[in-house]
Amino acid sequence: MTTTRTGGSCLPSYRAQSTLALSDPEDHVRELTDWVEHASAVTGVPGAQEVWDNAYKWLRLAQGLRTMAFDMSYDDGGMCSVGGDFDAVWTEMMEEWQLHQVRLGYLRAALEGFVRLLHPDAAQPWLAIEAAEQQLQHHAEALPVHARAVAEHLGTHCPDHAGSSDAPVATGVAQAVALHEKAVHGRAGIPEPTNDADMKIFAAGHAEVCTVKEASTVLLLGLQVLMAAAVKEDRVTAFDDKYLLDGMWIPEASGDCRWVDEEMPYGEYLAVLHLAPGEPPEL
């Protein structure tokens, strides 16, 4: 067998921290979906609940997405054994890349649905996020930890879409939407395996996978910012408490963090739901 799996995966520092690390998108979307299920829009606009429910269902689709199945094999009559190795590695690559691509589409649909409800005059979804970020400038505790870092990292993969440093999440949302548009219209390049001089096949496309993964994350963070601003304006209300049965580390204004293993109001949980729980403190 000449197939070799190599490193090279793009791992931003905010995903590698021992505490307050950013969760992977599948965990992030699960917690945000749970939050939306315990919230509702406060509006008398006809049909508002239907719009809310439909956007929530797109989140549920993103939350329910677990795997993608591909088979990139090509029957060449057994003429090339290396071709079989290439196809096997390409299959694995496509399963990972397309998992993030499909999730990105679901999350874009959810975000645009909530924007239509909460900011019906916004011409583009990132304009609503920009307004929300500006509103939260004096409420630092409501802004998700790592939001700026995620947007800036996505920007290293999408250098053609610069934006305002005062609204990094909005800039990231614009980049994520542009990235999705490229895929929808067939302008996105499709990564393929590579090989060395001995014709050993290696997985490639790590940057492409990271780009779509972080684009999904920035849309999730954009939703958190959108909801946080709406909660401040009493246009969305969150009810009940989140039961942190297994506990998690929560950031504090001082820069430290504390371990919480009890109830937390969903209104407060919104700002931290994207963080990995971490290991409990030693007794």
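Here are three short exercises on a predicted model, each with a worked solution.

**Exercise 1.** Work out how strand 7 and strand 8 pair, and what the turn between them looks like.

*Solution.* Start with the ranges: strand 7 covers residues 248-251 and strand 8 covers residues 257-260. The two run antiparallel and share 4 bridges. For one concrete contact, take Pro251, whose bridge partner in strand 8 is Cys257. Next, look at the connection: the strands make a hairpin, with 5 residues between them. In that turn, Gly255 has a positive phi of about 100°.

**Exercise 2.** Find where His146 and Met199 sit, and decide whether each is buried, partly exposed or exposed.

*Solution.* First, some background: most residues other than glycine have a negative phi. Now check the backbone of His146, where phi is positive, near 80°. His146 belongs to the loop between helix 4 (125-135) and helix 5 (147-157). Its relative accessible area is 14%, and buried means under 20%, so His146 counts as buried.

Then do Met199, with a positive phi near 65°. Met199 is in the loop joining strand 3 (194-195) and strand 4 (201-202). Its relative accessible area is 39%, so Met199 is partly exposed.

**Exercise 3.** Which residues gather in the patch of negative charge on the surface, and where is Glu268 found?

*Solution.* List the aspartates of the patch: Asp240, Asp241 and Asp261. Add the glutamates, Glu262, Glu263 and Glu268, and you have the negative surface patch. Last step: place Glu268, which falls in helix 8 (residues 266-269).

Methods. Residues are numbered from 1 along each chain as its sequence is written. This is a predicted model: local features need pLDDT of at least 70, side-chain atom pairs count only at pLDDT 80 or more; totals for chains, interfaces and linings use all residues. Side-chain values use heavy atoms; hydrogens and water are left out. Patches are made of residues with over 30% relative accessible area and no salt bridge: like charges are joined within 9 Å, nonpolar side chains (Val, Leu, Ile, Met, Phe, Trp, Tyr) within 5 Å. Accessible areas come from the Shrake-Rupley method with a 1.4 Å probe; for residues, only the protein chains shown count as cover. A salt bridge is a side-chain nitrogen of Lys or Arg within 4 Å of a carboxyl oxygen of Asp or Glu. Lys and Arg count as positive and Asp and Glu as negative; His and the chain ends are not counted. The place of a charge is taken as NZ of Lys, CZ of Arg, CG of Asp or CD of Glu. Two strands pair if DSSP finds at least two bridges between them. Buried means under 20% relative accessible area, exposed over 50%, partly exposed in between (1.4 Å probe, protein chains only).
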